[in-house]
Amino acid sequence: AVAASVYAAFAETTDSSSNLEACIIRDMERCQTADANLFYFLIPGVYQQFSPVVAGSSGLLYLIVSSIDSAQLHDLICQLSLNKFQLFGRTRIADLLGGGGRAGGHVARWGGGDSISLNV
């Protein structure tokens, strides 16, 4: 909790025009670009420390599924099933994936060329 409050204060000081969620997504994008392994390692911690802010964040979820490979996805699913962290909070998954329940599909592609289509 201390680390989260320190980061929140730092984010507010460096970019007062953005909310905390936007700052986390921006920093995770930078991390993914600089070191993909560190990015993957930080995912559970970000969701644990900033759960009220990032649970249900479509921007962060999109960044994750567009950046990890199938083995990393499998590992994250295992961590989720063990309740190590929570991705969605109270957000309805249909709202998150479909933009409020509108018809449409999203395609997530992993590093090995694998893809999955999510139609809502």
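Student: What makes Phe85 count as buried in this predicted model?

Tutor: Phe85 has a relative accessible area of 7%, and because the cut-off for a buried residue is under 20%, Phe85 is called buried. Its place is in the loop between helix 6 and helix 7 (93-98).

Student: Which residues is Phe85 in contact with, leaving aside its neighbours within four places in sequence?

Tutor: With those neighbours left aside, Phe85 is in contact with Pro44, Tyr47, Gln48, Leu76, Gln79 and Leu80. One of these partners, Tyr47, is 38 residues from Phe85 along the chain, while the C-alpha atoms of the two are separated by 6.1 Å.

Student: Why is Phe88 placed in another class, buried, exposed or partly exposed?

Tutor: The relative accessible area of Phe88 is 23%, and because partly exposed covers the values between the 20% and 50% limits, Phe88 is called partly exposed. Phe88 also lies in the loop between helix 6 and helix 7, and its C-alpha atom is 8.3 Å from that of Val54, with their positions 34 residues apart in sequence.

Student: How do you know whether Asn83 counts as buried or exposed?

Tutor: Asn83 has 66% relative accessibility, and since exposed requires a value over 50%, Asn83 counts as exposed. It is placed in the loop between helix 6 and helix 7, and although Asn83 is not a glycine, its phi is positive, about 60°.

Student: Turning to helix 6, how do you know that its span agrees with what its residues should give?

Tutor: Helix 6 comprises the 12 residues 70-81, which at 1.5 Å a residue should span 16 Å, and its end C-alpha atoms are 16 Å apart, so the two values agree.

Student: What makes the buried residues of helix 6 line one face of the helix?

Tutor: In helix 6 the buried residues are Gln72, Leu76 and Gln79. Seen down the helix axis, the buried residues fall within an arc of 60°, and therefore they line one face of helix 6. The general background is that an α-helix has 3.6 residues a turn, so residues three or four places apart point the same way. On the other side of helix 6, Ala71, His74 and Ser81 are exposed, whereas the cover over its buried residues includes helix 3 and helix 5.

Student: Why is Gln79 called buried or exposed, whichever applies?

Tutor: Gln79 has a relative accessible area of 18%, and because buried means under 20%, Gln79 is called buried. Apart from neighbours within four places in sequence, Gln79 is in contact with Tyr40, Pro44, Lys84 and Phe85.

Student: What caps the N-terminal end of helix 6?

Tutor: Asp69 is the cap, with a side-chain oxygen 3.1 Å from the backbone nitrogen of Ala71; because a polar contact is a pair of N or O atoms within 3.5 Å, that distance of 3.1 Å satisfies the limit.

Student: What makes Tyr7 and Phe50 an aromatic pair, and what is its geometry?

Tutor: A search of the whole structure finds one aromatic pair, that of Tyr7 and Phe50, at 5.5 Å centre to centre with 70° between the planes. Because ring centres pair within 6.5 Å and planes over 60 degrees apart count as edge-to-face, the pair is edge-to-face. It links distant parts of the chain, with Tyr7 in helix 1 and Phe50 in the loop between helix 3 and helix 4 (51-54), 43 residues apart, and both Tyr7 and Phe50 are buried.

Student: Which residues have the most contacts inside the largest nonpolar core?

Tutor: The largest nonpolar core has 23 residues, and those with the most contacts inside it are Met28, Phe39, Ile43, Tyr47, Leu60 and Ile64. The elements giving two or more residues to this core are helix 1 (2-14), helix 2 (20-34), helix 3 (36-49) and helix 5 (58-65). Leu60 touches Ile25, Met28, Val46, Tyr47 and Val54, not counting residues up to four places away in sequence.

Student: How do you know that the span of helix 2 agrees with its residues?

Tutor: The 15 residues of helix 2 should span 21 Å at 1.5 Å a residue, and its end C-alpha atoms are 21 Å apart, so the values agree. Its buried residues are Cys23, Ile24, Ile25, Met28 and Cys31, and these pack against helix 1, helix 3, helix 4 and helix 5.

Definitions and conventions:
Residues numbered from 1 in each chain as written. Predicted model: local features only at pLDDT ≥ 70, side-chain atom pairs only at ≥ 80, totals over all residues. Heavy atoms only, no water. Core = buried A, V, L, I, M, F, W, Y, C linked by side-chain atoms within 4.5 Å. Buried < 20%, exposed > 50% of the residue type's maximum accessible area, 1.4 Å probe, protein only. Helix = DSSP H or I, 4+ residues; strand = E, 2+ residues; numbered from the N terminus. Contact = heavy atoms within 4.5 Å. Expected span 1.5 Å × (residues − 1). Arc of directions from axis to C-beta. Polar contact = N/O pair within 3.5 Å; in protein donor to acceptor, adjacent residues only side chain to side chain. Phe/Tyr/Trp six-rings, centres within 6.5 Å; stacked < 30°, edge-to-face > 60°.
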